[in-house]
Every structure is written in C-alpha cells, then in structure tokens.
Amino acid sequence: MEGTRKRLIDLLSNHQQPYISGQQLSDELNISRSAVWKHMNALKKEGYQIEGVTNKGYRIVSSPNDLSETALSWDLKTDWLGQRLIYKEQVTSTQIVAHDLARDGAEHGTVIVAREQTKGRGRMRRYWESKDGLGLWFSSILRPTGIEPKRASQLTLVAAVAIADYLSKYNLDVKIKWPNDLFINGKKLAGILTEMQAEQDAVEYIVLGIGINMNHDQQDLFESERNKATSLLLEAKQPFNLNTVLTELLFELEVKFDLFMSEGFSTIKGQWESYAYKLGEWVSVKTQTEWDAKICGIDEDGALMVMNQNHQVHHLYSAEILW
Ligand code: BT5
C-alpha cells in the first residue's frame, strides 16, 4: 500500500513526462483504474495538488506544506537518520515516545516527529511550546558506538551547527547561544534537548530533540515569549514546507553526526564558533550565582570558555547565558 503510493508520486512527478494517463498508471502500478483513483484521492487528502487534463493525464502540481508521512519518507535522502521515521499527529513529547521506543530496542537513527506536542519539554523541566502544525518537533534516537557519556553533550553543539548551516542558506543570520539555543535577530528560533541513557562508561542511547518554530505568525507565539521568540516565517517573510525542511535538515544532521563520529569534535569546534552568539562580548552568566563574563569561545570538550572581570578564564560545563 505504502510502496504503491510512493511509486504513484514518483510517476506523477516524473519531469520527463509531465502528464501520465490513468491507464498508464494502472499498467505501471499493476492495479485497477479504481485503485489508482483511490490512491490519488488519499494523496489529495494529504495535501498534494494533482492536476488532471483531458487527453493528457495527471501530474502533481505541489506537495503538501503540512507534515505528511508520505512526503517525509518520499523526500528523505539520508543513509540512516530517519530511515525509520515515525509520524504522530499529537504526542505529549516526542522525547517521551523516543525514550519508550529506545528502551524497547529501536534502532540507531529512528526519528519521531509530531504535528503537536501537549507537554513539549525543555531543559531542567522547562516547557517547550509546540503548537499544532506550526513547527518541527522531532526526536532522534542515536546509538553512537565508542562515545563516552561525558561527550554526549557535544552532540547538542554538533546538531546546533547542522541547523545553523542549514538555515544560513536562506540568508538568515543565525547565532548559536551556548549550549542549545538558535537565535535570529536576538530572538529564540529553536532549541535542542539532548538526553542520555548510560551505564557506567558506555552510552546506551541518546535522544536528541529539536524544536524549531516554523510558520508562526506573531500572534501564534506563546504570549509570554512574544518578544523573545521568533519563527522562520517571521524572519524569512515566507512560509516554509515542513516536509522539505525536515528532510533536508535530517540530511544535514546526518552529515555532521558522521563527521563528528569519524573526526571527533575538533572539526566542529571552529564551525560552532563562527556562529557563536555574542562572541567577544560581555554578558551575564548564571552558574551558582550571576556574574559578568566575556564569551571567549568553546574548548575541545565543548565547554563554554568565558573570562571574568579579573581576566581569569573559566571553562563552564553547565551554565546559562542570561543576556
Ligand atoms: C530548549 O530548552 O530550548 C529545548 C527545546 C527542545 C524542544 C524539542 S521539540 C522535540 C523534542 N520534544 C520535546 O518535548 N522537546 C524537544 P531550554 O533551553 O530549557 O528552553 C526552554 C525555554 O524556552 C522556556 O522556558 C521558554 O522560556 C522558551 N520557550 C518555550 N517554548 C518556546 C518556543 N516554541 N520558542 C521559543 N522559545 C520557547
């Protein structure tokens, strides 16, 4: 069933042959004309626009903007990330679903994506606002071999660089606020949550969650965050196709994860610093207390390097940049 629908999309979007007749579709797919018709209606319901012209046949005019399981699996060009892709209309949190699946043995690269999260979560039990159909809310299960648990947090920085690289192609000035926020024009666009299950010195699995505000208008942003948050639509002044962005982003993430696994963190470090939020500027950081610090970069472990007013450099593994 699923294979037939994918093949149907393939035939309908074949650019060598702009239109394809109903009979040809039925022959190629080896199903009846009425079965072709049923599949075509299902695609229309998913948001595909299909044009039919008498004596010529059919063609796909546009694919859905909204998340669609078919479009996601269809467009994916990765080797392993998202090759098992689970799509849900509504979940509490894709992190929770991913942990359950990982405990049951879900393979490396499994991705869970939802249209809406009712209990989206950030770090330290903070909430993550995840409105229906407006953003990308997804979690990836990673089972990296030979990674010590203390290096798992580096994956947050690796993912941040992949997202920043991807978004830069839309001419957006993306900044990464250590450790897990993506900012545009001083407002938060996306957040990353990396959670790990480890035993002694071995990582069992990592659930890497990413939330990106995509097609939010100003009034769609959570009231308390309106002045602090933004969306791709607000920044790029155009709506985005969620399927396209997710599949392209998964590709970018896979490239960066592979690079990290084969070359280590040092290749990512420089790329990360090129996107660093307020690099070289004085900010307020919160550790046990709040203090003024100048951001100097990150070290080989991914810890934030800052200088205090006495010119002493500190390597921070856990801290919050307040402003
Ligand atoms: C984060 O935490 O930024 C990590 C967000 C991870 C979300 C993804 S979505 C898929 C997966 N499933 C989940 O349940 N989570 C992951 P943190 O740095 O703690 O930031 C949380 C803070 O960001 C909140 O306290 C709010 O101030 C703010 N915030 C909440 N929702 C927001 C949104 N949609 N856009 C911008 N800021 C938001």
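Let's start at Lys188, which touches Asp181, Phe183, Lys228, Ala229 and Thr230, leaving out residues up to four places away in sequence. Being in contact here means that the C-beta atoms of two residues, placed from the backbone, lie within 7 Å. Lys188 sits in strand 8, residues 187-199. Strands (E, at least two residues) and helices (H or I, at least four) are DSSP runs, numbered from the N terminus.

Before going on, two quick notes. This is a predicted model, where local features need pLDDT of at least 70 and side-chain atom pairs count only at pLDDT 80 or more, while totals for chains, interfaces and linings use all residues. Residues are numbered from 1 along each chain as its sequence is written.

Is Lys188 buried or exposed? Lys188 is partly exposed, because 16 other C-beta atoms lie within 10 Å. The rule is that 20 or more other C-beta atoms within 10 Å of a residue's own makes it buried, 12 or fewer makes it exposed, and anything in between is partly exposed, with C-beta atoms placed from the backbone.

Lys188 also appears in a record: UniProt, in an unreviewed entry, lists Gln117, Arg121, Gly122, Arg123 and Lys188 under "binding site". UniProt positions use the numbering used here, feature names are shortened, and annotations may be inferred rather than shown by experiment.

Now look at Gly122, in the loop between strand 4 (111-117) and strand 5 (135-142). Gly122 is partly exposed, with 16 C-beta neighbours inside 10 Å. Leaving aside neighbours within four places in sequence, Gly122 contacts Tyr127, Trp128, Gly191 and Leu193.

Which residues come nearest to the ligand? Of the 30 residues around the ligand, they are Ser93, Gly122, Gly191, Gly209 and Gly211; a residue is near if its C-beta atom, placed from the backbone, lies within 6 Å. Helix 5 (94-103), strand 5, strand 8 and strand 9 (202-213) each give at least two residues to this shell. By class, the shell has 10 nonpolar, 13 polar and 7 charged residues. Ala, Val, Leu, Ile, Met, Phe, Trp, Tyr, Cys and Pro count as nonpolar, Asp, Glu, Lys and Arg as charged, and the others, Gly among them, as polar.

In the same loop as Gly122, between strand 4 and strand 5, you can find Arg125. Phi of Arg125 is near 60°, a positive value in a residue other than glycine. Arg125 is exposed, with 6 other C-beta atoms within 10 Å.

On to the inside. In soluble globular proteins, nonpolar side chains tend to be buried together. Here the largest nonpolar core has 68 residues, and Ala159, Ala160 and Ile163 have the most contacts inside it. Such a core is a set of buried Ala, Val, Leu, Ile, Met, Phe, Trp, Tyr and Cys residues joined through C-beta atoms within 7 Å. Helix 6 (residues 154-168) brings the largest share, 11 residues. This core draws at least three residues from each of domain 2 (69-274) and domain 3 (282-321); the bounds come from an automatic or database domain assignment. A second, separate core of 9 residues includes Leu12, Val36, Met40 and Tyr58.

Finally, domain 1 covers 2-62, and its C-alpha centre lies 33 Å from that of domain 2. The unreviewed UniProt entry marks residues 22-41 as "DNA-binding region", and that span is 85% helix and 0% strand.
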